[in-house]
Amino acid sequence: MKGNILVVDDDSIIIRSCRGVLEPMGFDVNGTTNPKEALELIKTHDYDIIITDMIMPGIDGFELIRRTKELKPNTAIIAMTGYSIKETIKDTLEYGILDYLQKPFSPNILADTVERVDNMSRKLKSQGAVSGDEAADGAHKIDAVNALIKQYKTVPGSLITVLSKTQEILGYLPPAVQRLIAKGLRIPVSEVLSVVSFYPCYTMRVRGKHNIRVCIGAACYAKKADTIVQKLCDHLHFNEDNITEDKKFSYETVRCLGACASAPVIEVDHDSHGTVDPDKITEILKNYN
Ligand code: FES
């Protein structure tokens, strides 16, 4: 049996949906539409993970997270919201969430997020740690990120360098890792989030081994960038996270890659490809194993 999960959402359909996905995975899932009842359950039960909506009548998600951390600091928390995810993350990062779900989310995204948080949570507990600061998907990666922060913590203006190198190590910058970096560099977590949100090269979601960025800015769009997207999707069959099943490729669209004269443009990892013929997209991808 995997961990115990409590889902708190004033919409009972969300709770049923979470059950439908997580119980077949081996999780023991309890749910309530009433945040007050949730707090009583948290007092009397040891949940490994709490998945909570942020906007609820009476006690909202922020208050629920704050009280949960007081009562059971080891509990891993996933925040879910249908509203401004950026603002929500900024606020909930301060409270120590391990990850987030933006509504509406697909069963795959729910399953991946919970699986990842469950792994983090087990690791943290096995180390006797109680904070989410060490959240990452492997001990060696955490060590590498910690070493990086130590290396740069006295170097002024090193945030961009640390973020880029951390993304190289982990492949993405989940909220818990942003918090780790903020703490290490002694800067507000909101500053880290602002930088991560501003630069399109950073991602808070897992990417494939090779990441494809398709420019759909005006110059590229005028030269059939939409056909490139269509051909890619037809060829690679991305899931809802825009990752192929074998995790070899992921893709995202961006507004301009700064090479408009060569439109349409795509980037695969750090390689720029200009004047792309949509029918030759598979030829380009053959170079990436
Ligand atoms: S619009 Fe595509 S590179 Fe500028």
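## Helices and a parallel sheet

Helix α1 (residues 12–22) lies across the strands β1 (4–8), β2, β3 and β4, and runs at about 180° to β2. Helix α2 (residues 35–44) also packs on the sheet, where α2 touches β1, β2 and β3, and the direction of α2 makes about 160° with that of β1. The model described here is predicted, and the points below take up the sheet and then a pair of helices.

**The sheet**

- Five strands form an open sheet with parallel pairing, and their order across the sheet is β2-β1-β3-β4-β5.
- The edges of the sheet are formed by β2 (28–32) and β5 (99–102), each of which pairs on one side only.
- If direction is ignored, neighbouring strands of this sheet are turned by 20° against each other on average.
- Within the sheet, strand β3 (residues 49–53) pairs with strand β4 (residues 76–81) in the parallel sense, over five bridges, and Ala76 in β4 is the bridge partner of Ile49.

**The pair α8 and α9**

- The axes of helix α8 (residues 175–185) and helix α9 (residues 189–198) come within 8 Å of each other and cross at roughly 125°, which makes α8 oblique to α9.
- The crossing in which α8 passes α9 is right-handed.
- On the α8 side of the contact are Gln178, Arg179 and Ala182, which meet Val189, Val192, Leu193 and Val196 in α9.
- Sorted by class, the residues in this contact of α8 with α9 are five nonpolar, one polar and one charged.

Key. Residues are numbered from 1 along each chain as its sequence is written. This is a predicted model: local features need pLDDT of at least 70, side-chain atom pairs count only at pLDDT 80 or more; totals for chains, interfaces and linings use all residues. Side-chain values use heavy atoms; hydrogens and water are left out. Axes are lines fitted to C-alpha atoms, for helices over the stretch in contact, and angles run from 0 to 180 degrees between N-to-C directions. Helices (H or I, at least four residues) and strands (E, at least two) are DSSP runs, numbered from the N terminus. Angles under 35 degrees count as roughly parallel, over 145 as roughly antiparallel, 65 to 115 as roughly perpendicular and the rest as oblique. A crossing is left-handed if the near helix is turned anticlockwise from the far one by less than a right angle, and right-handed if clockwise. Contact means heavy atoms within 4.5 Å. Ala, Val, Leu, Ile, Met, Phe, Trp, Tyr, Cys and Pro count as nonpolar, Asp, Glu, Lys and Arg as charged, and the others, Gly among them, as polar. Two strands pair if DSSP finds at least two bridges between them.
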